[in-house]
2 protein chains.
Amino acid sequence: MPAPDLAPVPKHITGFSNPTVKYLRALRDKKNRKRAGQFLVEGLRLLEDARSVGRIPQMLVMAESNERAATGHAVLARLVDAVSEAGGEIITTTPDILAKITGKENAQSVAGVFDEWDTGLARLERNAAPIWLVAQALRDPGNLGTMLRTGDAVGAGGLILIDDCADPFSAEAVRASMGAIFTVPVAQARWEAFLPWLRSGPGQLVAASLRKAVPYRGAPYAAPCFVLVGNESQGLPEAYEAACDLRVTMPMRGRADSLNAAVAGAVLAYEVLATLGA
Amino acid sequence: MPAPDLAPVPKHITGFSNPTVKYLRALRDKKNRKRAGQFLVEGLRLLEDARSVGRIPQMLVMAESNERAATGHAVLARLVDAVSEAGGEIITTTPDILAKITGKENAQSVAGVFDEWDTGLARLERNAAPIWLVAQALRDPGNLGTMLRTGDAVGAGGLILIDDCADPFSAEAVRASMGAIFTVPVAQARWEAFLPWLRSGPGQLVAASLRKAVPYRGAPYAAPCFVLVGNESQGLPEAYEAACDLRVTMPMRGRADSLNAAVAGAVLAYEVLATLGA
């Protein structure tokens, strides 16, 4: 803890039309996030997840009623210290303004602004893990966050997003990830860039397929195994499936012919985990 | 096709303050759905899923621009016939009013009103299937719908909702179910009613547990097997787990200690399916 005289003096915002409020509010929009290179994370739990792995927000925004609780709330106090020590900005405001920023009536009492990070394929170390998750044209940010969370659970090397997917830095994806956005590497690439990258080293590409395929149970998985699921309504393009090393299918006993994309990825990833004894 | 002179004469609504519009709009709210005993289903795909298993809406609402397409659109035409033959009401309106009813800017071009059905435990036939899904205090309607969809895929006898869960008849749950709301039986009960019902016949209750438990892989599952998952943030109450016949756990290789509830249920259900060779 810094000595009291070194403690940060929070900036206080009371006006809805304050430029910082406008800036933060704009981060709800993907286009603005990309322009700013920043994203907003809501809630103490997620912010603490981030802090615990060394991700410190550039800016911390606290609602007044909870700022008072800061001295009593050890987790929040530690977060404030971490932001302050890292040279970040600390802002207090009203619950109404924080609600306006996050767009939620029952807003979290604290939010943080982080720099987005590089999501290039070059960052990935394919031999770091036996399992990788790959999603193509995954449109639902909740599904994306859920896949990050599953990726954490199975010890995946990362989640690779192919073609036009939801934004991993959207509030909904971050929330559904339950903090995994901070721990599971995420990469974004077009198929035309992904495939050459994959083929430049070891790696088995396995498609969760709705077409002719072998049963997912007992299939010959090999590490590093890249588990590929397709778009929520279209599944994988045929040409993508054809480029895979293995096409597997799960039993479908009902009337429908497909599972939720995040569910399919998880069932398959756990099967790979069991097979590889990873 | 009925002869032209027997074809239904749709009622046409052009006013936002029309009582039918108000009634339909109110169905977005759970309290109103319970009072009316009806729910709204949006989109031709879901309505066709319903029709194909004999569920016909009491009322069909079509946006004008698409009504014209009805004669050319075989699926919609068949639906209109089915509603008409069943004595249901057919209403045409403007795209704006339909958007107001559904609360979505890009509204579907057609919506149907169904009577809710009985969700009592007494309706269930436990020997009808080797696998059943059970969720306790599942709050997210998307997770609920996803579990219905998974239930369809694994051939589950049904989804049993314990304690205070999301409403299976909400628009979000229905949409996430991808039509499984119409094919997978759903029941609602308090734990205090569920447990005696379960114990009144054969049935193995299996908890997806975060606590001391055996590995989910290779656990001694037995039909009819009831796979129980807990609330999104709290998991299952300890007393509920204690009442289970088997507690199983999935590998968690990362920093988090849990999976998304619908994902956990699916991974477990597919393991049960593989084990029982169902």
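**Two chains and where they meet**

Colleague: How many residues of chain B are in contact with chain A?

Modeller: This is a predicted model, where local features need pLDDT of at least 70, side-chain atom pairs count only at pLDDT 80 or more, and totals for chains, interfaces and linings use all residues. Residues are numbered from 1 along each chain as its sequence is written, with chains lettered from A and ligands numbered from 1 in the order in which they are written. Two residues are in contact if their C-beta atoms, placed from the backbone, lie within 7 Å. Chain A contributes 29 residues, and the count for chain B is 29.

Colleague: Which helices of chain B each supply at least two residues of that side?

Modeller: Helices here are DSSP runs of H or I, at least four residues long, numbered from the N terminus. On the side of chain B that touches chain A, the suppliers are helix H7 (141-154) and helix H11 (261-276).

Colleague: How many residues of that side are nonpolar?

Modeller: Nonpolar means Ala, Val, Leu, Ile, Met, Phe, Trp, Tyr, Cys and Pro; charged means Asp, Glu, Lys and Arg; the others, Gly among them, are polar. The side of chain B that touches chain A has five charged residues, eight polar and, as nonpolar, 16.

Colleague: As by what axis are the two copies related?

Modeller: Superposition is by least squares on the C-alpha atoms of residues with pLDDT of at least 70 in both copies. A turn of 180 degrees and a shift of 0.0 Å along the axis lay chain B on chain A with an RMSD of 0.0 Å. The copies are thus related as by a two-fold rotation axis.
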